[in-house]
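Colleague: Before a structural label is accepted, its rule should be stated. May I ask for the rule behind each label that is used here?

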Amino acid sequence: MILIFLGPPGAGKGTQAAHIVERYNIPQLSTGDMLRAAVAAQTPVGKKAKAVMDAGNLVSDDIVSAIVEERIEADDCAGGFLLDGFPRTDAQAEMLDVMLQKKERSVDVVIELKVDEAALLDRLNKRIEETRARGEAPRKDDTEETFKYRLQVYRDQTAPLIPFYERQGKLKDVDGMGSVDAVSAQIDAILDELGPSN
Ligand code: AMP
């Protein structure tokens, strides 16, 4: 099963991804996590990406696609994987289709987490408080100002993927405003419907 999560920053993609990883035993491929790891390790990619990420902008399509293409070669992706935070632009979606076609694979389903943007800001502030309470520093891009900018980037560059996948008949939407369990239950129902072959 190859699954994509779409949704604005803070919609709960990461939280729901953890549930899917456990239930379906497929890896979560979060390009945000991979890029943060590259920044922390100060790799050439990380050095290029750092300022772009801190400002809430998107890292170049070529860099991100190359990271994903390499990652999906790994053995643990043979039975499928969950893409969290990729693709984020039309160009990335097209690159993904091409890289999967080369392997005679394709995306099975795209789940859009629909959320109310005002509630996202509340969630953000809660997340910042929780991070501070654990004695950790919040992510550099987790400020209200950068968050609003990231929402705009989502609307401008990523939301156009919704009609793209709708046209492919792969889009399913989920109400992301309920409890974590309620959202998981909706996702499970969609995936169960896909059938055991996935
Ligand atoms: P995330 O953790 O998914 O919110 O990603 C954090 C940041 O990493 C984003 O604001 C971007 O700067 C960068 N990033 C993550 N995934 C992508 C992607 N698919 N394309 C471009 N930039 C990305």
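The conversation below sets values beside definitions.

Modeller: This is a predicted model, in which local features need pLDDT of at least 70, side-chain atom pairs count only at pLDDT 80 or more, and totals for chains, interfaces and linings use all residues. Residues are numbered from 1 along each chain as its sequence is written, and side-chain values use heavy atoms, with hydrogens and water left out.

Colleague: How many helices and strands are there in the protein, and what makes a stretch a helix or a strand?

Modeller: The protein has nine helices and five strands. Both are DSSP runs, numbered from the N terminus: helices are H or I with at least four residues, and strands are E with at least two. From the N terminus on, the order of the elements is β-α-β-α-α-α-β-α-β-α-α-α-β-α.

Colleague: How do you know whether the radius of gyration agrees with that of a compact globule?

Modeller: The radius of gyration is taken over C-alpha atoms, and the globule rule is 2.2 Å times the number of residues to the power 0.38. For 198 residues the rule gives a value near 16 Å, and the protein has 16 Å, so the two agree. The C-alpha trace spans about 45 × 40 × 30 Å along its principal axes.

Colleague: Why is F164 called buried or exposed?

Modeller: Buried means under 20% relative accessible area, exposed over 50%, and partly exposed in between, with a 1.4 Å probe and protein chains only. F164 has a relative accessible area of 13%, so F164 is buried. Y165, at 0% relative accessibility, therefore counts as buried too. Across the protein, 45% of the 198 residues count as buried.

Colleague: What makes F164 and Y165 a pair, and of which kind?

Modeller: Rings of Phe, Tyr and Trp (its six-membered ring) pair if their centres lie within 6.5 Å; planes under 30 degrees apart count as stacked, over 60 as edge-to-face and the rest as tilted. The structure holds one aromatic pair. The ring centres of F164 and Y165 are 4.9 Å apart and the planes stand at 85 degrees, so the pair is edge-to-face.

Colleague: Which residues come nearest to the ligand?

Modeller: A residue is near a molecule or strand if one of its heavy atoms lies within 4 Å of it. There are 16 residues around the ligand, and T31, N57, G85, Q92 and R150 come nearest. Helix α2 (residues 31-40) gives the largest share of this shell, four residues.

Colleague: How is the shell around the ligand divided by class?

Modeller: The shell has six nonpolar, five polar and five charged residues. In this scheme Ala, Val, Leu, Ile, Met, Phe, Trp, Tyr, Cys and Pro count as nonpolar, Asp, Glu, Lys and Arg as charged, and the others, Gly among them, as polar.

Colleague: What distance separates R150 from the ligand, and what is a polar contact?

Modeller: A polar contact is a pair of N or O atoms within 3.5 Å; within protein, one must be able to donate a hydrogen and the other to accept it, and residues adjacent in sequence count only if both atoms are side-chain atoms. A side-chain N or O atom of R150 is 2.6 Å from an oxygen atom of the ligand. A backbone N or O atom of N57 lies 2.5 Å from a ligand oxygen atom, and a polar backbone atom of G85 is 2.8 Å from a ligand nitrogen atom. The protein covers 95% of the 480 Å² of accessible area that the ligand has on its own, with areas from the Shrake-Rupley method, a 1.4 Å probe and, for residues, only the protein chains shown as cover.

Colleague: Where does the backbone have a positive phi or a cis peptide bond?

Modeller: Most residues other than glycine have a negative phi, and most peptide bonds are trans. N25, in the loop between α1 (13-24) and β2 (28-30), has a positive phi near 55 degrees. Q42, in the loop between α2 and α3 (44-54), has a positive phi of about 55 degrees. The peptide bond from F86 to P87 is cis, with omega near -5 degrees.

Colleague: Why do N25 and Q42 count as buried or exposed?

Modeller: N25 has a relative accessible area of 70%, so N25 is exposed. Q42, at 55% relative accessibility, therefore counts as exposed.
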